[in-house]
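Trainee: I should like to examine the terms applied to this model and the grounds for each. May we take them in turn?

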Amino acid sequence: MIVIHSEEHRLQAGRSELNDGQLVPCYEKPARADIVRARIEAVGLGPIVEPTRHGIAPLERVHDAGYLGFLQTAWDDWVAEHGADIDALPLNWVAPGMSRRRVPRSIDGRLGFYSFDAGTPITAGTWRAATSAADSALTGADRLRAGDRSAFALCRPPGHHAGHAFYGGYCFLNNAAIAAQSLRDGGAARVAVLDVDYHHGNGTQEIFWERGDVLFVSIHADPADEFPYFCGHADETGAGVGDGANLNLTLPWGTDWNAYAQALAVAAARIREFGADALVLSLGADTYGGDPISRFRLVSEDFLRMGAAIAGIGLPTLFVLEGGYAVDDLGVNVANVLTGFEQ
Ligand code: Q9C
Ligand code: ZN
């Protein structure tokens, strides 16, 4: 399968994130994409091509224009206030009952307004890296439209935690949602998004919450225990014409392949029943037992089985890279899903 990849991913290289009460080196770092690329080349998965630039219009199909404008200038505004030696991190958020009527003027106020965690630094290259990732996903969608059975957007920063007007969870632009919307706009009547990242894809859920034409299915750690904590529960099924087009399959800490495979079978059955024309696969490999911030127990061979199960859905499939922080094994785990799909 064709692999779409831009070197501009490395422009997102945050120094630190707030985790367990301290600033620690960012888990979401350029080495992640480098090791995936190296493994893709080693196994000869397919040609690696540059994304084509798609501009801002397909981003505005999914994200708020004010939010996109904020993201474009956030770093310059931060530097004007605080200098360039520190990454931009938010410190204040609204709690329920507090007003959100106005967008604050100061950069510190706006960072809090448009975010939901302190783990997602904005840096000098964030906007360029994030748009390169969206362009990779959009180029992959173009390939499906041209008739390819599959494509892989090897991109970072990831996207599935980013909503219509917010960033967080290392995500700024929702690459998978942007690609799914592009497939709809290109003529697919129904599109499914399956999210196998360890964390709930809260941004994708929010974007398609009231949509009956895009099915969102996510398999993830129970948000009662795990990030993003406030959504991803099984009783969240969508609203309006989208009621029933959102499926959350939650699993406990310690989940191994046996239990995971059962959830994957439920997800596959729901996607087949939905009658989608294409599948966007949010591919996080942080379900791996060796992941430093996650608590599932998949082993590397399980990712081959995961790929085979995804192939069994029988749809043209665009894989979009999300999380996975056990960097040394990330290349093998991600490539295993893709080779498992192709076999
Ligand atoms: N103590 C993705 O996988 N912080 N994002 C976790 C753990 C946020 C993960 C802190 C994790 C976000 C794309
Ligand atoms: Zn994740």
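Mentor: We shall discuss one strand with its neighbours, and then one helix. The model is predicted, so local features need pLDDT of at least 70 and side-chain atom pairs count only at pLDDT 80 or more, while totals for chains, interfaces and linings use all residues. Residues are numbered from 1 along each chain as its sequence is written, and side-chain values use heavy atoms, without hydrogens and water.

Trainee: What makes strand β7 mostly covered?

Mentor: Buried means under 20% relative accessible area, with a 1.4 Å probe and protein chains only. In β7 (residues 214-221), eight of its eight residues are buried.

Trainee: How do you know that β7 pairs with β6 and with β8?

Mentor: Pairing requires that DSSP find at least two bridges between two strands. β6 (residues 191-195) and β7 share five bridges in the parallel sense, with D195 opposite S218. β7 and β8 (residues 246-251) share six, also parallel, with H220 opposite T250. Both pairs therefore satisfy the criterion.

Trainee: Why is the span of helix α3 called close to the expected one?

Mentor: The expected span is 1.5 Å times one less than the number of residues. For the 18 residues of α3 (residues 65-82) this is 26 Å, and the helix reaches 25 Å from its first C-alpha to its last.

Trainee: What makes T73 the centre of a kink?

Mentor: The bend at a residue is the angle between axes fitted to the seven residues ending there and the seven starting there. In α3 the kink is about 50°, centred on T73.

Methods
Chains lettered and ligands numbered in written order. Buried < 20%, exposed > 50% of the residue type's maximum accessible area, 1.4 Å probe, protein only. Helix = DSSP H or I, 4+ residues; strand = E, 2+ residues; numbered from the N terminus.
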